[in-house]
Amino acid sequence: VVFVTAYSDHALQAIQVSAADYLLKPVSIELLQAAVRKVLANVRNKEHVQHARVLLDNLRAGSDGAQKVVLPLLDGFEVVFARDIVRCEAEDNFTWFMLANGERKMICRPLKHYEQSLVPLGFVRVHRSHVVNIACIRKYRKGKGGTVVLADGSEIPVSEACRPALMEVFSS
């Protein structure tokens, strides 16, 4: 599925539900051709069926943690529930996904790519290298920026720049 919209906030929703691509109006022919090539490549790799299922599941699920995230791997991809992700950590142009069951998945995409789709699902950026699941935060420790302790026992630094967003989450 490729979304075409005039509103950037709808484009973000398209990413959140695992759409193959999105285009903002007015649509340029080059971007449309690139989106079609991307979809055709997925069809050739036979991943389109699973991505379409994830898209439909996410549209049905709303934002209650039952939404799924597709993690591209070297040998294919894995689908995980957003609620099973404890945190994400940036490492250069890669992102580590730390799951509730203790598994770690290295994904060949930058953290920024996933931040946009995870924040509406109950995640918050606490540091330039860390996005955490709000439901997994067990404790906040004061300091220059502070730290958060998560359900898996990890202690993550909170940057001074990100601290206001974290405090807002818990004040509302």
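This briefing covers the sheet, the nonpolar residues, the salt bridges and one helix position of the structure above. The model is predicted. Its open sheet has 5 strands in the order 7-6-5-9-8, with antiparallel pairing. The largest nonpolar core has 15 residues, and a nonpolar patch of about 510 Å² lies on the surface. The salt bridges number 6.

**The open sheet**

- The strand order of the sheet is 7-6-5-9-8, and the pairing is antiparallel.
- Strand 7 (104-107) and strand 8 (123-127) are the edge strands, each of them pairing on one side only.
- On average, neighbouring strands of this sheet are turned by 20° against each other, direction ignored.
- Strands of a sheet pair through backbone hydrogen bonds, in either a parallel or an antiparallel way.

**Strands 5, 6 and 7**

- Strand 5 (residues 85-91) runs antiparallel to strand 6 (residues 94-99), and 6 bridges join the two.
- Cysteine 88 has phenylalanine 97 in strand 6 as its bridge partner, while glutamate 89 has tryptophan 96 in strand 6.
- Strands 5 and 6 form a hairpin with 2 residues between them. Aspartate 92, in the turn, has a positive phi of about 55°.
- On the other pairing, strand 6 and strand 7 are antiparallel over 4 bridges, and tryptophan 96 stands opposite methionine 106 in strand 7.
- Strands 6 and 7 also form a hairpin, with 4 residues between them. In that turn, glycine 102 has a positive phi of about 95°.
- Of the 6 residues in strand 6, 5 are buried, and the strand is mostly covered.

**Nonpolar core**

- Within the largest nonpolar core, of 15 residues, those with the most contacts are Val69, Ile85, Phe97 and Leu118.
- At least two residues of this core come from each of strand 3 (68-73), strand 5, strand 6 and helix 4 (111-118).
- Helix 4 gives the most to this core, with 3 residues.
- Phe97 thus has two roles in this description: it is among the core residues with the most contacts, and it is the bridge partner of cysteine 88.

**Nonpolar surface patch**

- Val2, Val4, Val27, Ile29, Leu32, Val36 and Leu40 make up the nonpolar surface patch of about 510 Å².
- Strand 1 (2-5) and helix 2 (29-44) each supply at least two residues of the patch.
- Helix 2 gives the most to the patch, with 4 residues.
- Valine 27 lies in the loop between strand 2 (21-24) and helix 2. With a relative accessible area of 34%, valine 27 is partly exposed.

**Salt bridges**

- Side chains of opposite charge can pair when their charged atoms come close.
- Glutamate 89 forms a salt bridge with arginine 87, and the closest N and O atoms are 2.9 Å apart. Arginine 87 counts as buried because its relative accessibility is 10%, under the 20% limit. Glutamate 89 is partly exposed at 24%.
- Lysine 105 forms a salt bridge with glutamate 103, and here the closest N and O atoms are 2.9 Å apart. Lysine 105 is buried at 14% relative accessibility, whereas glutamate 103 is partly exposed at 33%.
- Glu103 and Lys105 are also linked with Glu78 in a network of salt bridges.
- Lysine 144 forms a salt bridge with glutamate 160, the closest N and O atoms being 3.9 Å apart. Lysine 144 lies in the loop between strand 10 (137-141) and strand 11 (147-150), and glutamate 160 lies in the loop between strand 12 (155-157) and helix 5, so the pair ties together parts that are 16 residues apart in sequence.
- Lysine 144 is exposed, at 72% relative accessibility, and glutamate 160 is partly exposed, at 49%.

**Alanine 165**

- Alanine 165 is placed in helix 5 (residues 163-171).
- The relative accessibility of alanine 165 is 37%, so this residue counts as partly exposed.
- Alanine 165 and arginine 125 are 40 residues apart in sequence, and their C-alpha atoms are 7.9 Å apart in space.

Note on methods: Residues numbered from 1 in each chain as written. Predicted model: local features only at pLDDT ≥ 70, side-chain atom pairs only at ≥ 80, totals over all residues. Heavy atoms only, no water. Buried < 20%, exposed > 50% of the residue type's maximum accessible area, 1.4 Å probe, protein only. Pairing = 2+ DSSP bridges. Axes fitted to C-alpha atoms, helices over the stretch in contact; angles between N-to-C directions. Patch = residues over 30% accessible without salt bridge, like charges linked within 9 Å, V, L, I, M, F, W, Y side chains within 5 Å. Areas by Shrake-Rupley, 256 points an atom, 1.4 Å probe, with all protein chains shown as cover. Salt bridge = Lys/Arg side-chain N within 4 Å of Asp/Glu carboxyl O. Core = buried A, V, L, I, M, F, W, Y, C linked by side-chain atoms within 4.5 Å.
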